[in-house]
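These are my notes from going through one model, entry by entry. I wrote down what I looked up and what I found in each place.

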Amino acid sequence: MRDAMLSTDLIQSHNAARLDALRDEYDSLGRSLARSGVRIDGIRDAVARFSMALPSWGCGTGGTRFAKFPIPGEPTCIEERLEDCAVVQQLCRATPRVSLHFPWDSSSDYAGLREVAAGLGLGFDAVNSNTFQDQPGQPVSYRYGSLSAADPAARDLAVRHNIDCIEAGRRLGSRALTVWVGDGTNFPGQQDLGASLDRYLESMSRIYAALPEDWRLLIEHKLYEPAFYSTVVSDWGTSILAAKELGPKAKCLVDLGHHAPSVNIEQIVARLHRFGKLGGFHFNDSKYGDDDLDSGSINPHQLFLVFNELVTAAETAPDGFDPAYMIDQSHNVTDPIESLLSSAEAILGAYAKALLVDREALRAAQARNDAMMAFQCLRAAYRRDVTPILAMARLEAGGAIDMLGVYRESGWRRRKAQERRPVALGAGIV
Ligand code: RM4
Ligand code: MN
Ligand code: MN
């Protein structure tokens with residue numbers, strides 16, 4: 001399978017030409033950090049331990065409601081999506097797992113798929129169910145809802161699909177099911193707001209009952225879209241109440257684009273953690289709504305503040321802290337591999353900066369109500385350029401110092417354009 005990826009010689013020769021400059025920048029940053037009592041190698045090692053999953057559906061150019069503009073060489077099936085994920089992982093070394101979405105990634109042989117992935121150096125993260133669109137030949141429609149539908153046959157079908165996802169996930173080695181439903185209404189009065197939530201909870205409890213012992217059920221909320229008047233699981237409040245009602249294996253998943261504009265997401269993170277219900281993340285960025293823009297491209301400071309809470313949470317977690325991290329983006333104008341590389345870098349950068357926060361000084365400033373010095377603790381960390389730390393962590397793990405440079409030079413997409421069949425035009429994500 002090795003030749004399905006990029007040439008290691010190319011990566012190594014690219015790195016060799018950049019090594020001296022990187023060492024110089026890393027050492028200089030190391031001296032500067034040491035003056036603040038921080039060991040740069042410790043930060044580099046923590047960064048090297050951090051990993052996030054790639055969304056299989058993020059390997060294709062995204063579709064909007066209006067159109068999609070495929071690029072030559074984009075993947076057309078799960079095996080090809082895995083190949084592209086392997087390239088991302090080969091270069092950045094922080095994305096060793098893939099999150100599959102069913103039925104988009106359906107296969108008749110999950111054990112075989114697991115082997116293919118392992119051959120590419122990949123494993124599998126949470127599996128995702130899809131009851132937000134109908135499939136060809138489906139006996140009942142999700143037009144008026146799925147897990148919360150008034151029609152019991154639609155609910156049964158949606159529950160069954162989620163249980164099938166768990167079964168596929170078990171064969172793949174996944175340990176979590178993420179459930180996002182688009183259920184909701186477009187008109188006041190269209191549905192009873194209380195009863196639809198009750199139906200959702202009842203369906204979710206049937207899915208919960210089918211979870212293997214060591215699995216988590218991740219509940220993903222979203223404010224609106226496709227429902228524009230009311231959404232059944234619209235916010236973190238609904239999500240945490242549902243998770244509490246369902247039981248300890250149910251946790252909340254925060255997608256950064258799924259909140260009302262200007263909501264304080266880092267505070268939501270802290271709240272969910274406080275009640276032991278922070279289960280996972282979908283990283284992306286947003287300007288207006290669920291825009292699925294590249295992580296850190298619009299509001300990198302928010303990403304840093306979210307990571308600041310995550311680092312605090314990891315320090316205070318009584319029984320370990322292990323949320324499922326995933327990138328969830330839609331790439332409309334870039335090569336998806338490049339966007340995923342750039343986002344992985346932005347996410348790791350936010351994490352590295354959060355690790356640089358002088359937490360002792362921060363707590364002392366908070367205790368004496370010194371707002372300015374507390375803020376400066378965050379600011380000092382945020383101001384740092386941590387790129388040499390990220391590049392050094394990548395290099396030592398066998399990745400590329402200049403990820404986009406290697407990728408462009410490799411001609412991967414051009415090669416794939418010869419081998420892969422063209423993607424059909426149309427709308428939709430995959
Ligand atoms: C949703 C949500 C889910 C993702 C789908 C494709 O808005 O973010 O996580 O599975 O999009
Ligand atoms: Mn999401
Ligand atoms: Mn979304």
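**The metal pair**

I began with the two metals and found that 3.9 Å separate the manganese ion (ligand 2) from the manganese ion (ligand 3). I keep in mind throughout that this is a predicted model.

For the manganese ion (ligand 2), I listed the protein donors as Glu220 (OE), Asp255 (OD), His282 (ND1) and Asp328 (OD), which lie 2.1 to 2.2 Å from the ion. Reading these donor residues along the sequence, I noted the spacing E-x34-D-x26-H-x45-D. Two of them, Asp255 in strand S10 and His282 in strand S11, are 27 residues apart, and I recorded them as a pair that links distant parts of the chain.

What geometry do the 6 donor atoms around the manganese ion (ligand 2) make? I entered it as octahedral, because the angles that the 6 donor atoms subtend run from 71 to 170°.

I then checked burial for two of the donors: Asp255 has a relative accessible area of 0% and is therefore buried, and His282, with a relative accessible area of 2%, is buried too.

Turning to the manganese ion (ligand 3), I found it coordinated by His258 through NE2 and by Asp290 through OD, the latter entered twice, at 2.2 to 2.7 Å. His258 sits in the loop between strand S10 (250–255) and helix H8 (265–274), while Asp290 sits in the loop between strand S11 (278–283) and helix H9 (300–316), so I noted a link between distant parts of the chain, 32 residues apart. His258 counts as buried because its relative accessibility is 4%.

**Ligand 1**

Which residues are closest to ligand 1? I counted 12 residues surrounding it, the closest being His101, Glu220, His258, Asp290 and Asp328. Looking at individual atom pairs, I found an oxygen atom of ligand 1 at 3.1 Å from an N or O atom in the side chain of His258. A polar side-chain atom of Asp290 lies 3.0 Å from an oxygen atom of ligand 1, and for the side chain of Asp328 I likewise noted an N or O atom 3.0 Å from a ligand oxygen.

**Helix H7**

In helix H7, residues 236–246, I recorded Thr238, Ser239, Ile240, Ala242, Ala243 and Leu246 as the buried residues. When I asked what covers them, the list included helix H6 (193–209), strand S8 (216–220), S10 and H8. After H7 comes Gly247, whose phi I noted as positive, near 135°.

**Cysteines**

How many disulfides does the model have? I counted 0. I looked hardest at Cys59, whose closest cysteine sulfur, in Cys85, is 3.4 Å away; a disulfide needs the sulfur atoms within 2.5 Å, so this separation is too far for a bond. Cys92 is in no disulfide either, the nearest cysteine sulfur being that of Cys85 at 10 Å. I entered Cys59 as buried because its relative accessibility is 2%, and Cys92 as buried at 3%.

**Ala374**

My last entry concerns Ala374, which I located in helix H12 (residues 371–383). Its relative accessibility is 13%, so I counted Ala374 as buried. Leaving aside neighbours within four places in sequence, I found Ala374 in contact with Leu362, Ala365 and Gln366. I also noted that the C-alpha atoms of Ala374 and Ala361, 13 residues apart along the chain, are separated by 7.6 Å.

Methods: Residues numbered from 1 in each chain as written. Chains lettered and ligands numbered in written order. Predicted model: local features only at pLDDT ≥ 70, side-chain atom pairs only at ≥ 80, totals over all residues. Heavy atoms only, no water. Donors = N, O, S within 2.8 Å, 3.2 Å for Na, K, Ca; no water. Helix = DSSP H or I, 4+ residues; strand = E, 2+ residues; numbered from the N terminus. Buried < 20%, exposed > 50% of the residue type's maximum accessible area, 1.4 Å probe, protein only. Tetrahedral: all angles 85-135°; square planar, octahedral: opposite > 155°, others 65-115°. Contact = heavy atoms within 4.5 Å. Near = heavy atom within 4 Å. Polar contact = N/O pair within 3.5 Å; in protein donor to acceptor, adjacent residues only side chain to side chain.
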